Amino acid sequence: QVQLEESGGGLVQAGDSLRLSCVASGRTFERSAMAWFRQAPGKEREFVATITGPLGNTYAADSVKGRFTISRDNAKNTVYLQMDDLKPEDTAVYYCAAIAGVTGPYPYTQPPNYDYWGQGTQVTVSS
């Protein structure tokens, strides 16, 4: 059974940093794209960042570009989201996602592209 488990969320102040982790179990994803999405109350789930497989190219939404960095450690079957200079508008539940098949060096930014999802971790940024 494939599972994605996020951790690292919390309550921080504006300008602080957090690092989210997502550990995959049940299979490996080094040849598949993985991504982070987020969903704020009353809003649709939105793309944050993705890392392709197997070249590891990264892409980020304009709203987080320059502040958030996605990375992966294939030996640990883990993907990370380093979030710096957090803003109140970054407050949301953050979800890790993975594609089942082998993917190319293209950014997959839509939720229907992804086959597996974690349960989410809450990030709250106070002003």
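**Exercise 1. G101 and its surroundings**

Decide whether G101 is buried, partly exposed or exposed in this predicted model, and find what surrounds it.

*Solution.*
- Start with the accessible area: G101 has a relative accessibility of 34%. Buried would require under 20% and exposed over 50%, so G101 counts as partly exposed.
- Next, place the residue. G101 belongs to the loop that runs between β9 and β10, the latter being residues 116–117.
- Now list the contacts, leaving out neighbours within four places in sequence: G101 then touches R31, S32 and D115.
- Finally, look across the sequence. F29 is 72 residues away from G101 along the chain, yet their C-alpha atoms are separated by 8.6 Å.

**Exercise 2. Two loop residues beside β5**

Work out how T52 and R45 sit in the model: which is buried, and which is partly exposed?

*Solution.*
- Take T52 to begin with. You will find T52 in the loop between β5 (46–51) and β6 (58–60).
- The relative accessibility of T52 is 0%, so this residue counts as buried.
- What covers T52 can be read from its contacts beyond four places in sequence: S32, A33, N57, Y59, R72, G104, P105 and Y106.
- Turn to R45, which sits in the loop between β4 (34–39) and β5.
- With a relative accessible area of 28%, R45 is partly exposed.
- Setting aside residues up to four places away, R45 touches F37, R38, Q39, Y95, P111 and W117.
- One more check on R45: Q110 is 65 residues away in sequence, and the C-alpha to C-alpha distance is 9.2 Å.

**Exercise 3. The surroundings of strand β8**

Explain why β8 can be called largely enclosed, and identify its pairing partners.

*Solution.*
- Count the buried residues in β8, which covers residues 78–83. Five of the six are buried, so the rest of the structure largely encloses this strand.
- Look for one partner: β3 (residues 18–25) pairs with β8 in the antiparallel sense, over six bridges.
- Look for another: β7 (residues 68–73) also pairs with β8 in the antiparallel sense over six bridges.
- Now pick V79 as a reference point in β8. C22 stands opposite V79, and V79 is also the bridge partner of R72.
- A background point helps when you inspect the side chains here: in a regular strand they alternate between the two faces of the sheet.

**Exercise 4. Backbone angles worth a second look**

Find where N77 and D85 lie and what their phi values are, then describe the peptide bond from G53 to P54.

*Solution.*
- Begin at N77, in the loop between β7 and β8. Phi of N77 is near 55°, a positive value in a residue other than glycine.
- The hairpin of β7 and β8 that holds N77 has four residues between its strands.
- At 13% relative accessibility, N77 counts as buried.
- Move on to D85, in the loop between β8 and β9 (92–98). Phi of D85 is near 50°, again a positive value in a residue other than glycine.
- D85 has a relative accessible area of 40%, so this residue is partly exposed.
- End with the peptide bond from G53 to P54, which is cis with omega near -5°. P54 lies in the loop between β5 and β6.

**Exercise 5. The whole chain**

Determine the strand and helix content of the protein chain, then judge how compact the chain is.

*Solution.*
- Count the elements: the protein chain has eleven strands and zero helices.
- Compare the radius of gyration with the globule rule. The value is 13 Å, close to the 14 Å that the rule gives for 127 residues, so the chain is as compact as a globular protein of that length.
- Add the dimensions: along the principal axes, the C-alpha atoms fill a box of roughly 40 × 30 × 25 Å.
- Check the burial, where 39% of the 127 residues count as buried.
- Examine contacts with a separation of 6 or more: residues 24 or more positions apart account for 61% of them.
- Turn to the surface. The accessible area comes to about 6400 Å², and 46% of it belongs to carbon and sulfur atoms.
- Close with the charges: there are 11 positive and 13 negative side chains, and the centres of the two sets lie 4 Å apart.

Note on methods:
Residues numbered from 1 in each chain as written. Predicted model: local features only at pLDDT ≥ 70, side-chain atom pairs only at ≥ 80, totals over all residues. Heavy atoms only, no water. Buried < 20%, exposed > 50% of the residue type's maximum accessible area, 1.4 Å probe, protein only. Helix = DSSP H or I, 4+ residues; strand = E, 2+ residues; numbered from the N terminus. Pairing = 2+ DSSP bridges. Rg over C-alpha atoms; globule rule 2.2 N^0.38 Å. Contact = heavy atoms within 4.5 Å. Areas by Shrake-Rupley, 256 points an atom, 1.4 Å probe, with all protein chains shown as cover. Lys, Arg positive; Asp, Glu negative; His and termini not counted. Charge placed at Lys NZ, Arg CZ, Asp CG, Glu CD.
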